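Biologist: I've got a model open and I'd like to learn how to read it. Can you walk me through some features, one at a time?

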Amino acid sequence: MPAIGLPYSPPNWTNQPLTLYHGTVDIHAASILSGVNVSLGRSGTDFGRGFYTTTVQRQADTWAWQLAQTMTRRLPRAKPAVLAFEVKRDDLAALDSLWFVRGHFDAENFWSLIFYCRGGGLAHHRSSSSIPTAAPAWYDVVIGPVAAAWRQRLTIYDADQISLHTSNAAAVLNRSRKWRVS
């Protein structure tokens, strides 16, 4: 029930699902909707090789448009496409995750990971003796701001990224309700 005197009151909290958006191109949309494969992600990205999503649809629109523009030489008919995944918050909470709330210039931990991953770092994981050192291990999911100019330590205002790096994380998306937005 809206509070009296306030112009807007949000709905009551019910631990409602979270919608994550992914920007891609139309020729990849059906494949992604049939099953996310985190190993197909590019390396050298903010949080390393993985499948990237956002809670901001207009940001996914931009990612899709940029990808379509870069693919026009190889695939001149590629059109931007945005996909949505409705995930249960409890499913995300059960994953091994790393969170960054701020990406300001002095956020040393955030920028340390960005520089590591952008520089070709192989994996990121919780410090634990239970993780074998022979194979790279990953946090299931990393959440934080989006680096705009990473060497200058600049982030994009009002943008976020939720990157999924393991089969456990992909399973959360793959069992979620999903659809093509555009």
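Biologist: Let's start with helix 4: which of its residues are buried?

Modeller: Buried means under 20% relative accessible area, exposed means over 50%, and partly exposed is in between (1.4 Å probe, protein chains only). Helices (H or I, at least four residues) and strands (E, at least two) are DSSP runs, numbered from the N terminus. In helix 4, the buried residues include Phe110, Trp111, Leu113, Ile114 and Cys117. Before we go on: this is a predicted model, where local features need pLDDT of at least 70 and side-chain atom pairs count only at pLDDT 80 or more, while totals for chains, interfaces and linings use all residues. Residues are numbered from 1 along each chain as its sequence is written, and side-chain values use heavy atoms, with hydrogens and water left out.

Biologist: Where do the buried residues fall when helix 4 is seen down its axis?

Modeller: Take the directions from the helix axis to the C-beta atoms; the arc is that of those directions. Here the buried residues fall within an arc of 160 degrees, so they line one face of helix 4.

Biologist: And what covers them?

Modeller: Contact means heavy atoms within 4.5 Å. The cover over the buried residues of helix 4 includes strand 4 (97–99), strand 5 (141–144), strand 6 and strand 7. After the helix comes Gly120, with a positive phi, near 100 degrees.

Biologist: Next, salt bridges. How many does a search of the whole structure find?

Modeller: Side chains of opposite charge can pair when their charged atoms come close. The test is a side-chain nitrogen of Lys or Arg within 4 Å of a carboxyl oxygen of Asp or Glu. The search turns up 5 salt bridges. One of them starts on helix 4: Glu108 pairs with Arg153, with the closest N and O atoms 3.0 Å apart. Glu108 lies in helix 4 (residues 108–118) and Arg153 in the loop between strand 6 (147–149) and strand 7, so this pair ties together parts that are 45 residues apart in sequence. Glu108 is partly exposed, at a relative accessible area of 46%.

Biologist: What does Asp158 pair with?

Modeller: Arg58, and the closest N and O atoms are 2.8 Å apart. Asp158 sits in the loop between strand 7 (154–155) and strand 8 (161–164), and Arg58 in helix 2 (residues 57–71), so parts 100 residues apart in sequence get tied together. Asp158 is partly exposed, with a relative accessible area of 47%.

Biologist: Is Asp140, in the loop between helix 4 and strand 5, buried or exposed?

Modeller: Asp140 counts as buried, at 9% relative accessibility. Now look at polar contacts: pairs of N or O atoms within 3.5 Å, where within protein one must be able to donate a hydrogen and the other to accept it, and residues adjacent in sequence count only if both atoms are side-chain atoms. The Asp140 side chain reaches the backbone nitrogen of Asp96 at 2.8 Å. Beyond its neighbours within four places in sequence, Asp140 is in contact with residues including Leu95, Ser163, His165 and Asn168.

Biologist: What about His22, in strand 1 (residues 18–25): which backbone oxygen lies 2.7 Å from a polar atom of its side chain?

Modeller: That of Tyr52. His22 counts as buried at 10% relative accessibility. Leaving out residues up to four places away in sequence, His22 touches Ile32, Phe51 and Ala60, among others.
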